[in-house]
Amino acid sequence: MSCLTNVEEPIVDENPDVDPCSTITYSSNIKSIIDVNCVQCHGNGGNFPDLTTYENTRANADLVKSETQSRRMPQGSSLTNSEIEAIACWVDAGALNN
């Protein structure tokens with residue numbers, strides 16, 4: 001007799017054609033990540049770059065992506081993997097103000 005209760009079942013993606021990046025927006029995802037983790041140092045009069053506005057964040061989007069993916073930023077704390085991926089998705093999609 002064998003016990004089949006410990007058998008792992010494969011996880012099936014119910015909608016494999018949906019791009020997980022398609023739901024990432026500046027207003028819903030990125031702004032809150034930046035506000036909570038970055039503007040205390042990269043705010044008005046702080047360290048370069050100033051990330052207090054969409055325009056400034058977009059102008060430095062590649063730098064933000066690079067620094068977060070390398071985990072050099074934010075200093076003194078860390079982003080989750082999903083936050084880092086959200087930033088990368090947003091930048092790769094053109095850093096839109098959506």
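Helices (H or I, at least four residues) and strands (E, at least two) are taken here as DSSP runs, numbered from the N terminus. The model is a predicted one, in which local features need pLDDT of at least 70 and side-chain atom pairs count only at pLDDT 80 or more, while totals for chains, interfaces and linings use all residues. Residues are numbered from 1 along each chain as its sequence is written, and side-chain values use heavy atoms, with hydrogens and water left out.

**Exercise 1. State how many helices and strands the protein has, and describe its burial.**

Step 1. The protein has 4 helices and 0 strands, and its pattern along the sequence reads α-α-α-α.

Step 2. Of the 98 residues, 31% are buried, where buried means under 20% relative accessible area, exposed over 50%, and partly exposed in between (1.4 Å probe, protein chains only).

Step 3. Taking contact to mean heavy atoms within 4.5 Å, residues 24 or more positions apart account for 51% of the contacts with a separation of 6 or more.

**Exercise 2. Locate Glu67 and find the residues that it touches.**

Step 1. Glu67 belongs to helix H3, which covers residues 61-69, and with a relative accessibility of 18% it counts as buried.

Step 2. When residues up to four places away in sequence are not counted, Glu67 touches Arg72 and Met73.

Step 3. The side chains of Glu67 and Arg72 are joined by a polar contact of 2.9 Å; such a contact is a pair of N or O atoms within 3.5 Å, of which, within protein, one must be able to donate a hydrogen and the other to accept it, and residues adjacent in sequence count only if both atoms are side-chain atoms.

**Exercise 3. Work out which cysteines a disulfide joins, and explain why Cys38 has no such bond.**

Step 1. A disulfide is a pair of cysteine sulfur atoms within 2.5 Å, and the structure holds 1 of them.

Step 2. Cys21 and Cys89 form this link, with an S to S distance of 1.8 Å, and the link is left-handed, with -40° about the S-S bond. It connects distant parts of the chain, since Cys21 sits in the segment before helix H1 (26-37) and Cys89 in helix H4, 68 residues apart.

Step 3. Cys21 is partly exposed at 23% relative accessible area, whereas Cys89 is buried at 6%.

Step 4. Cys38 has no such bond because its sulfur lies 8.7 Å from the closest cysteine sulfur, that of Cys41, which is too far. Cys41 is likewise in no disulfide; Cys38 is buried, at 9% relative accessibility, and Cys41 is partly exposed, at 39%.

**Exercise 4. Describe the buried and exposed residues of H1.**

Step 1. The buried residues of H1 are Tyr26, Ile30, Ile33, Ile34 and Asn37. Seen down the helix axis, they fall within an arc of 110° (taken from the directions from the axis to the C-beta atoms), so they line one face of H1.

Step 2. These buried residues pack against helix H2 (54-59), H3 and H4, while Ser28 and Val36 are exposed on the other side of H1.

Step 3. At the N-terminal end of H1, Thr25 acts as a cap, with a side-chain oxygen 3.0 Å from the backbone nitrogen of Ser28.

**Exercise 5. Determine whether Asp92 is buried or exposed, and find its polar contact.**

Step 1. Asp92 lies in helix H4 (residues 81-92) and is exposed, with a relative accessible area of 57%.

Step 2. A polar contact of 2.6 Å joins its side chain to that of Lys65.
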